[in-house]
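Work through the exercises below with the sequence and the 3D structure at hand, and try each task before reading its solution.

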Amino acid sequence: AGIKNYKGITMSTDGTKLAAAVYGGNIWTSTDSGASWTEDTSVGATRKWTAITSSADGTRLAAVESNGGNSNQVTYIWTSSDSGVTWTEDNSVGTKKNWKGITMSADGTKLAAAVIEGNIWISSNSGVTWTEDTSIGHTQNWYHITMSADGTKLAAVASYAGIWTSSNSGTNWSE
């Protein structure tokens, strides 16, 4: 895969399936623990990928892209259910967000995605539909987000705003 501006990487629990996201490039996948890599050009033009996540078995992937600070640039949440062979763009949450983080439960059903100057978005059906979490009361500069294997516990970090945690799948948060 060479030297590129990588912004995210994820791996199946057994370490055989990997996926790496390149800012200003494509997603690269490996099915042999990183010994060889394949560039995924199925989404068309290169994108400003900022984060990628996978299910425990590596079959489900989700990735987000940045608008690079350009509030007019179209961005999406992308999901795959076949280890990155094909991808689906999700524009149901709007198309001009500066996505910075995404995470997934072990079975791939629960997802959470974080937006700079925005809120956290939650899905409980593998990214088919999303709900904006406004429970914190104001937007944050969210950068990274993670969740437990069962998706009930979440943690997110926001620039100059601390570490936030939830123990009920993102329904309530505490700083």
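The exercises that follow deal with backbone angles and with the surroundings of a side chain.

The model is predicted, so that local features need pLDDT of at least 70 and side-chain atom pairs count only at pLDDT 80 or more, while totals for chains, interfaces and linings use all residues. Residues are numbered from 1 along each chain as its sequence is written, and side-chain values use heavy atoms, with hydrogens and water left out.

**Exercise 1.** Find where Ser-33 lies and state its phi.

Solution. Begin with the strands (E runs of at least two residues in DSSP, numbered from the N terminus): Ser-33 sits in the loop between β3 (27–30) and β4 (38–40). Next, read its phi, which is positive at about 60° although Ser-33 is not a glycine.

**Exercise 2.** Is Tyr-160 buried or exposed?

Solution. Recall that buried means under 20% relative accessible area, exposed over 50%, and partly exposed in between (1.4 Å probe, protein chains only). Tyr-160, in the loop between β14 (154–158) and β15 (162–166), has a relative accessibility of 86% and therefore counts as exposed.

**Exercise 3.** Which polar contact does the side chain of Asn-98 make with another side chain?

Solution. Locate Asn-98 in the loop between β8 (88–90) and β9 (99–104), where this residue is buried at 14% relative accessible area. A polar contact is a pair of N or O atoms within 3.5 Å; within protein, one must be able to donate a hydrogen and the other to accept it, and residues adjacent in sequence count only if both atoms are side-chain atoms. The partner is the side chain of Ser-66, at 2.7 Å, and the side chain of Asn-98 also reaches the backbone nitrogen of Asn-67 at 3.4 Å.

Notes:
Helix = DSSP H or I, 4+ residues; strand = E, 2+ residues; numbered from the N terminus.
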